[in-house]
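The following exercises practise the reading of a protein model. Each task is followed by a solution in steps.

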Amino acid sequence: MNKKTIISNTILFVVIVAFIMAFSAVFGQKNVLIGVTTVTAMLMFLERDLTIHPVSNTAKLVVLNLLIGVAAFLAGLNMWLAVPINFISMFIISYSFLYSLRTPLYLPFSLQYLFILAFPVSIDQMPLRLASLLFGALAIMGLQMLVNKNKIAKSGSKKVQAICTALIEKIEQVKKGDNTDSLNEQIAADISSLRSMIYDKREKGFYLTEEGQIKLNLSASLEKINLLLNKTATEELPPEILDDLVRCLQLASAKLDPKQPQENRQDSFSDILSKYKSGHTHSLLVLSILNNIDFLKDNLTALESVKKKSPNMMKTIEQIPLNFRKSGLKDTPSHTKSMKLSYAVRMALGISISGLIVDLFDWSEGRWMMFTVFSVVIPIYEQSRQKMRDRIFATVVGSILVVILFTIFQDATTRSILLMVGGYLMNYIKAYRYSTIIVTFSAIGAAALVTDATEILTIHRIGLVIAGIILALLINRFVLPYKQQDATNDLETMYTDVINEMMKEVIEKVKDAGTHHGIKNLLMVTSMIEERIKLHHHESKTDPNVEWLQHQRLAACTLYELYSWMEKYGVKESAVSVIVSSLQGLLGRAENDYSLKAAISKLKEQIGAASNIQDQMTLNMILEITTELEGARAAR
């Protein structure tokens, strides 16, 4: 941990505390927890760009927050009325803010609903509570406008520069024969982050801005260069091409830096590429690298042009295809829905049952049972079992810690300082097992400050946590369980679907009917699928099928490269039938009578017989796609 991290975390903690104190001063102590969930939402939503539709997104947040406040108030009026209200409210929140391919955002809104349930107010205090919820929604959007407006312009170029720098470092390591795994992870993470920015900035969930399209192209060319560099383990590249690639990447990084002089940058690119135009003995690997350098150069030039016009302009003349009008890639995207439905039903059932139990037995501090159910009922079953063990461990350790420290330090001022230190340490402790110790310590400690009954609160809380865990265990085990293997299967099926859709887009492009935005959306989706697969396996401490992912990644990148090639150079009549028949064969590759190996052999013969470099390049890309899909099939 470096000094910069400590300073930034300290500043963030001070700002958060100041915001919550100000929130409490304006809206009262009874609404302070709404301030806590508001801060949580403000920070979580920063990873999404909501500024594409600021008015409608603000309206949605306002309506959601006010409905949460009204629903929780009505649920507090009668224990039997609370059951359907709690079920419906938690189902809507959980289902709406859990995503198949992106980080879930249900946490702040679910917690907000539970906090309002746990700390009800009378009817005459409701206007102030609703005002606090209204302010919370506006604050989320206010920070969005402050930080995320023009995010692609402000952060996108820095991401591209970071990728260029990492690629330069990777080339140096390739020359030495060093391991490049850590750099590959860094490059993949930066590309995924850049595409996430572009994805958020789409109009109607489909149309990309002009700047977004160009930076997506830059990410595609850099990603393909990165993947081609991985082939140096089996196919040696001339040192000269590696040196020239470094120069091109340096030029690209400098071209994106507004502080750097831009004179002669374009000429430098052209000088490097012109060296290879007269050669006829280049390997297909070298030709592919040169093609992507040329693609990089063209898009850097286009970026300069679009910055002088309107980078946020969108061309929306294309009709949105049917498969992009819904949340999945098919008319009935069943494999993208099951996790959302499973989690939403389990969470809604858990909160409604635990709420009824707490009301029936009139347990004081019964909210801890509901909070435990909320924290342990999670989307994937195997991960919930680990969370149960961590929750019991953290509750016991946190409770013991409260008893020991509050026995030693008995004055209120010292205890308050201890609680603030605990809150500050949360900035550094990310693992659930240990962060929950701090949460338990802070929660019991805060209650003990008011009641001065530490031992009773500790025993009571441990009992409620165990009750919540038992209920969550039963629900996770028997109600629509969604397991790690289900998640893996769904994501891998989705990845295959996306690859198929990309091939259909290329076929349509050959027929001069492709959707310009469609292929771009699909490329971004492949990155999100891959990130989600890796995350699921990381959380469950299992190894993903890395070989299968690598083949899928190369197939997706090459399909995009082929589409871009055809956009720039068109398709010669001599290659049309080969492209269409090859891709249609790949679309039917699941059928037993289609041999990918035979298709590979045939393509190699056709490349050898091709009379011009353009046909050779086109057929080589088809060969790459076929080879990678054969590798993916073998890796399954």
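**Exercise 1.** In this predicted model, determine whether Arg247 is buried, partly exposed or exposed, and then examine its salt bridge with Asp244.

*Solution.*
Step 1. The relative accessibility of Arg247 is 40%. Buried requires under 20% and exposed requires over 50%, so Arg247 counts as partly exposed.
Step 2. Asp244 has a relative accessibility of 4% and therefore counts as buried.
Step 3. The closest N and O atoms of the salt bridge between Arg247 and Asp244 are 3.6 Å apart.
Step 4. Both residues belong to helix H10 (residues 239–255); because they are 3 residues apart there, about one helical turn separates them.

**Exercise 2.** State where Glu211 and Lys215 lie, and whether they are buried or exposed.

*Solution.*
Step 1. Helix H9 (residues 210–229) contains both residues, and since they are 4 residues apart, the separation is about one helical turn.
Step 2. Their side chains form a salt bridge with an N to O distance of 2.9 Å.
Step 3. Both Glu211 and Lys215 are buried.

**Exercise 3.** Explain which parts of the chain are tied together by the salt bridge between Lys568 and Asp294.

*Solution.*
Step 1. In this salt bridge, the closest N and O atoms are 2.5 Å apart.
Step 2. Lys568 is part of helix H21 (residues 546–569), while Asp294 is part of helix H12 (residues 284–308); the pair therefore links parts 274 residues apart in sequence.
Step 3. Lys568, at 41% relative accessibility, counts as partly exposed, whereas Asp294, with a relative accessible area of 14%, is buried.
Step 4. Elsewhere, salt bridges with shared partners connect Arg195, Glu223, Glu530, Lys534 and Arg553 in one network. The structure holds 20 salt bridges.

**Exercise 4.** Describe the largest nonpolar core and name the residues with the most contacts inside it.

*Solution.*
Step 1. This core comprises 97 residues, and Met502, Ile529 and Leu583 have the most contacts inside it.
Step 2. Leaving aside residues up to four places away in sequence, Ile529 touches Leu101, Leu491, Met494, Tyr495 and Val498.
Step 3. Another core, of 58 residues, lies apart from the largest one; among its members are Leu50, Phe109, Ile351 and Val465.

**Exercise 5.** Assess the confidence of the prediction along the chain.

*Solution.*
Step 1. The average pLDDT of the protein chain is 84, and 89% of the residues score at least 70.
Step 2. Over residues 325–336, the pLDDT is below 50, although this stretch has 21 contacts in the model beyond near neighbours in sequence.
Step 3. Where pLDDT is low, predicted coordinates should not be read in detail.

Definitions and conventions. Residues are numbered from 1 along each chain as its sequence is written. This is a predicted model: local features need pLDDT of at least 70, side-chain atom pairs count only at pLDDT 80 or more; totals for chains, interfaces and linings use all residues. Side-chain values use heavy atoms; hydrogens and water are left out. pLDDT is the predictor's confidence in each residue, from 0 to 100. Contact means heavy atoms within 4.5 Å. A salt bridge is a side-chain nitrogen of Lys or Arg within 4 Å of a carboxyl oxygen of Asp or Glu. Helices (H or I, at least four residues) and strands (E, at least two) are DSSP runs, numbered from the N terminus. Buried means under 20% relative accessible area, exposed over 50%, partly exposed in between (1.4 Å probe, protein chains only). A nonpolar core is a set of buried Ala, Val, Leu, Ile, Met, Phe, Trp, Tyr and Cys residues joined through side-chain atoms within 4.5 Å.
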